[in-house]
Amino acid sequence: MVERTNGSPWFFILGVALVVIGLAGPLLVDALTDETQWLVRGAGVLVAIGGAVLIGFGVRRRQGR
């Protein structure tokens with residue numbers, strides 16, 4: 001049997017950090033280069049989705065599922 005815990009706050013901290021980096025990073029790159037970098041934006045979206053998954057995983061562990 002797997003012991004259920006209250007979850008780790010690191011899932012939330014890392015998840016929020018990844019969402020912020022994934023959304024703000026491409027905007028910063030666009031502002032610095034004065035053109036739209038679609039590859040960077042796509043990577044940023046994937047990073048933000050990964051952060052959202054970590055937040056969801058942390059929420060699920062806190063609920064004991």
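These are my notebook entries on a salt bridge and a surface patch in a predicted model.

**Entry 1: Asp-30.** I began with Asp-30, which I located in helix α1, spanning residues 9-33. I then looked up its accessibility: the relative accessible area is 11%. Asp-30 therefore counts as buried, since the cut-off for that class is under 20%.

**Entry 2: surroundings of Asp-30.** I set aside the neighbours within four places in sequence and listed what remained in contact with Asp-30. The list holds Glu-35, Thr-36, Gln-37 and Arg-41. I followed up Arg-41, whose side chain makes a polar contact of 2.8 Å with that of Asp-30.

**Entry 3: the salt bridge.** How many salt bridges does the count give? I found one. I recorded the pairing of the Arg-41 and Asp-30 side chains as a salt bridge, at 2.8 Å from N to O. Arg-41 belongs to helix α2 and Asp-30 to helix α1, so this pair ties together parts that lie 11 residues apart in sequence. As a general note, side chains of opposite charge can pair when their charged atoms come close. I also checked the accessibility of Arg-41, which is partly exposed at a relative accessible area of 30%, whereas Asp-30 is buried.

**Entry 4: the nonpolar patch.** Which residues form a nonpolar patch on the surface? I noted Val-45, Leu-46, Ile-49 and Val-53, with about 380 Å² of accessible area together. I examined one of these residues, Val-53, further and placed it in helix α2, residues 38-62. Its relative accessible area is 53%, so I entered Val-53 as exposed, the cut-off being over 50%.

Notes:
Residues numbered from 1 in each chain as written. Predicted model: local features only at pLDDT ≥ 70, side-chain atom pairs only at ≥ 80, totals over all residues. Heavy atoms only, no water. Patch = residues over 30% accessible without salt bridge, like charges linked within 9 Å, V, L, I, M, F, W, Y side chains within 5 Å. Areas by Shrake-Rupley, 256 points an atom, 1.4 Å probe, with all protein chains shown as cover. Salt bridge = Lys/Arg side-chain N within 4 Å of Asp/Glu carboxyl O. Helix = DSSP H or I, 4+ residues; strand = E, 2+ residues; numbered from the N terminus. Buried < 20%, exposed > 50% of the residue type's maximum accessible area, 1.4 Å probe, protein only. Polar contact = N/O pair within 3.5 Å; in protein donor to acceptor, adjacent residues only side chain to side chain. Contact = heavy atoms within 4.5 Å.
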